[in-house]
Amino acid sequence: MNLNDAQQVHQVWSQLITWLTENAPNNAGALAPGAHPNDIAIAEQAIGRTFPPALATLLGLTNGVNPGPARETRAGAATEGLFLHSDRHLLSTTLIPEVYAYQRQRGTEGGNDDYWQPGWIPFAVDADWLSGLFIDSRTAAVGTWSDYGEIREHAFPDLPAFFDHQLQLMRRLVPEGEHYEIKPLSAHTADDPPGCITDGVIEWD
């Protein structure tokens, strides 16, 4: 049976949440409840774009991450929410328009109006918004941007593929309580674990 994007998001997200709950419970606890459809519609109106079904489904499952006790990140997100690889966290329906506007302005101020395409909808960022992930509203492909302005438009074919990749990385983490050897970056190999779990929180290399 072929599943559509929304069904695939449900499937892989269920697997990811099960893994987080069992292995990194503090990361799982930082995820916010799903967004109300009205909140999704307001966010769509704010940026003038309809969200791809996969992104709307994700937001219905979790509306980003809970706020921290203090403004620990630019978005005020709990640090335990930075569970995605490269220490990124999911965005809420409130923050998606803010990051979208920030990225559009970043291109305008840099004299490059084509830097951020209108159809690129951010859904995850690092603590300072300098790097993150977006979904193309036209193709549903997932892209990335970095703090040096580098953009990869087709890093993953779609949102389910991104989360499946994320899940595979998580399964390679060194479990809580097991020895983890910290190596200099130059000594890392592709077979090394990408990080470890400490006090119920993922720590990526």
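**Close-up views of a predicted model**

**View 1. Hairpin of strands β4 and β5.** In this predicted model, β4 and β5 form a hairpin in which 5 residues lie between the two strands. Gly-149, located in the turn, has a positive phi of about 85°. Strand β4 covers residues 142-145 and strand β5 residues 151-156; the two pair in the antiparallel sense over 3 bridges. One bridge joins Trp-145 to its partner Ile-151 in β5.

**View 2. The open sheet and its edges.** An open sheet is formed by 5 strands, arranged in the order β1-β2-β3-β4-β5 with antiparallel pairing. Its edge strands are β1 (88-90) and β5, each of which pairs on one side only. From one strand to the next, the twist averages 35°. At the β1 edge, β1 pairs with strand β2 (residues 120-126) in the antiparallel sense, over 3 bridges. Leu-90 has Ala-124 of β2 as its bridge partner.

**View 3. Packing of helix α1 against helix α6.** Helix α1 (residues 5-23) packs with helix α6 (residues 159-170) at an angle of about 20°, and their axes are 9 Å apart. The two helices are therefore roughly parallel to each other, and α1 passes α6 in a left-handed crossing. On the α1 side, the contact is made by Asp-5, Gln-8, Val-9, Val-12, Trp-13, Gln-15, Leu-16, Trp-19 and Leu-20. Helix α6 contributes Leu-159, Pro-160, Phe-163, Asp-164, Gln-166, Leu-167 and Met-170. The residues of this α1 and α6 contact comprise 11 nonpolar, 3 polar and 2 charged.

**View 4. Packing of helix α1 against helix α4.** Helices α1 and α4 (residues 53-61) pack at an angle of about 40°, with axes 8 Å apart. They are therefore oblique to each other, and their crossing is right-handed. From α1, the contact involves Asp-5, Ala-6, Val-9, His-10 and Trp-13; from α4, it involves Pro-53, Ala-54, Thr-57, Leu-58 and Leu-61. By class, the residues of the contact of α1 with α4 are 7 nonpolar, 2 polar and 1 charged. Asp-5, Val-9 and Trp-13 of α1 take part in the contact with α6 and also in that with α4.

**View 5. Confidence along the chain.** The mean pLDDT of the chain is 89, and 89% of its residues reach 70 or more. Among the elements of the chain, helix α3 (residues 37-47) has the highest mean pLDDT, 98, and helix α5 (residues 95-109) the lowest, 87. Where pLDDT is low, predicted coordinates should not be read in detail.

Conventions:
Residues are numbered from 1 along each chain as its sequence is written. This is a predicted model: local features need pLDDT of at least 70, side-chain atom pairs count only at pLDDT 80 or more; totals for chains, interfaces and linings use all residues. Side-chain values use heavy atoms; hydrogens and water are left out. Axes are lines fitted to C-alpha atoms, for helices over the stretch in contact, and angles run from 0 to 180 degrees between N-to-C directions. Helices (H or I, at least four residues) and strands (E, at least two) are DSSP runs, numbered from the N terminus. Angles under 35 degrees count as roughly parallel, over 145 as roughly antiparallel, 65 to 115 as roughly perpendicular and the rest as oblique. A crossing is left-handed if the near helix is turned anticlockwise from the far one by less than a right angle, and right-handed if clockwise. Contact means heavy atoms within 4.5 Å. Ala, Val, Leu, Ile, Met, Phe, Trp, Tyr, Cys and Pro count as nonpolar, Asp, Glu, Lys and Arg as charged, and the others, Gly among them, as polar. Two strands pair if DSSP finds at least two bridges between them. pLDDT is the predictor's confidence in each residue, from 0 to 100.
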